Amino acid sequence: MDDLGYLKETPSQTAGPYVHIGLAPRAAGFDIFDQELGQDIAGPNAKGERIRIEGLVIDGTGSPIKDVLIEAWQANADGVYAHPESPGTVEDGFRGWGRVITDFDSGEWGFDTVKPGPTPGRNGSVQAPHISLWLVARGINLGLHTRLYFDDEASANATDPVITLIEWERRRQTLIATRSERDGLPVYRFDIRIQGDDETVFFDI
Amino acid sequence: MTTPAEYYQRDPGRHPPALSPRYKTSVTRSPRFALISLEQRVSEITGPTFGHGDLGALDHDLIKNYAQDGDPIGERIILHGRVLDENARPVPNTLVELWQANAGGRYRHRKDTYFAPIDPNFGGCGRTLTDENGYYFFRTVKPGAYPWRNDINSWRPAHIHLSIFGSAFCQRLITQLYFEGDPLIPRCPIAQSIPDPDAIEQLTARLDMVATVPLDSIAYRFDIVLRGRRSTLFENRLEGN
């Protein structure tokens, strides 16, 4: 406690190489919980377009990182978060939160969800559709926050209050996922570069 | 419409810097550009919520939740404490998850090849929700130290990994707790990646003889502090006291 009576935030530490044991035990190689959390972000009743997100997390040498855990947090198709302080309601079973891990061999990660709608910004502004992502891994001392935006939302992205806050326009592109189709399903590619050329923008939120 | 108040800015001096060269893996896994600081919006002041329906009855009891034909080998401990915010207000109904090695320092993970044996009765993970007062507890065995490839003779102090959600995505935190008096703490590049000695002290669980169960389990106390938030709302701006 400081002399004004505030407590200090508990310091962060890396999640380490075995984060799967606690947060994704089946990947660690054993079955312990009735249900692992974060496996279904949108649920079966969610409105909106079903999409898949895929990517790699790449280190400063250009190599994929194969022991990352990523959490996603997003609004539903109407721009409502599954949280009591977000105005509006979400569909039954919509959590808006999920966690995925990178494949031990390839480093690829991915999740299925619905495309979020625009959400309110500060002072009456509107935020373009986006998914908040949080990365932890061995070698990462404090979880890294970033945002995924969609390349088919160019006009909304152009006025998004967070994207436009980034004064280096070339860096803004690191937050935009690119759309393609596979078997009739929209797939957005989002590679995250931790360090070096085209380093992804990370936020202190 | 009222808008919720925002959270206090994170004090970067409290946390390890992204680049901590003595912890070698951080060298290629740390951004070179500075983080861009955001004023909070609804995306940051909301976060996932959890209920008792998400958890099983033994999820907080690592002595029993993977027991096959007996109890795990090791020092039986109770780990307990409160989750508070920086205003010292309890954080109720928040998910606390934990994972750890067994008493010999071996993890039940397909990638761990350390030759200390797996304990057939110990999984090493657990989770619980804080109660209305922000209180949580686990039962487990005290983990052992283990070697890791940093320097050739690097050993992690005994530690338990903790994951805490809070009520907002901006409070999301993963950390590690250490045990009071462990001589490996001052030698550990991961613990010492935190520049402030007082902050390292905050990661040290205290022996708690009051909560110790006689002839059964010794107790350690570990309180967790998440970011606090303003309490006063002004019109429709995200502001406060």
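Which residue stands opposite Ser37(B) in β1(B)? Keep that in mind as you go through these views of a predicted model.

**View 1. Two strands, one from each chain, pair up where A meets B.** Here's the reply to the opening puzzle: Asp204(A) is the residue standing opposite Ser37(B) in β1(B). Zoom out a little and you get the strands themselves: β13 of chain A (residues 203–204) and β1 of chain B (residues 36–37) run parallel, joined by 2 bridges.

**View 2. Chain B and chain A touch through many residues.** Chain B brings 91 residues to the contact, and chain A brings 81 residues. Between them, the two chains bury about 7,800 Å², with 58% of that on carbon and sulfur atoms. Look for Arg29(B), Ile36(B) and Phe169(B): within chain B, these lose the most area to chain A, and together they make up 11% of what that side buries. In case you wonder about the unit, the size of an interface is often given as accessible area lost when the parts come together.

**View 3. Arg95(A) and Asp54(B) form a salt bridge.** Their side chains meet with 3.0 Å from N to O. Count up the salt bridges between chain B and chain A and you get 9. As for polar contacts, 48 residue pairs link the two chains that way, counting pairs with both residues at pLDDT 80 or more.

**View 4. Strand β9 of chain B faces chain A.** This strand (residues 173–179) gives the most to the side of chain B that touches chain A, namely 5 residues. Sorted by class, that side of chain B has 40 nonpolar, 27 polar and 24 charged residues.

Methods:
Residues numbered from 1 in each chain as written. Chains lettered and ligands numbered in written order. Predicted model: local features only at pLDDT ≥ 70, side-chain atom pairs only at ≥ 80, totals over all residues. Heavy atoms only, no water. Contact = heavy atoms within 4.5 Å. Buried area = accessible area lost by both parts, 1.4 Å probe. Salt bridge = Lys/Arg side-chain N within 4 Å of Asp/Glu carboxyl O. Polar contact = N/O pair within 3.5 Å; in protein donor to acceptor, adjacent residues only side chain to side chain. Helix = DSSP H or I, 4+ residues; strand = E, 2+ residues; numbered from the N terminus. Nonpolar A, V, L, I, M, F, W, Y, C, P; charged D, E, K, R; others polar. Pairing = 2+ DSSP bridges.
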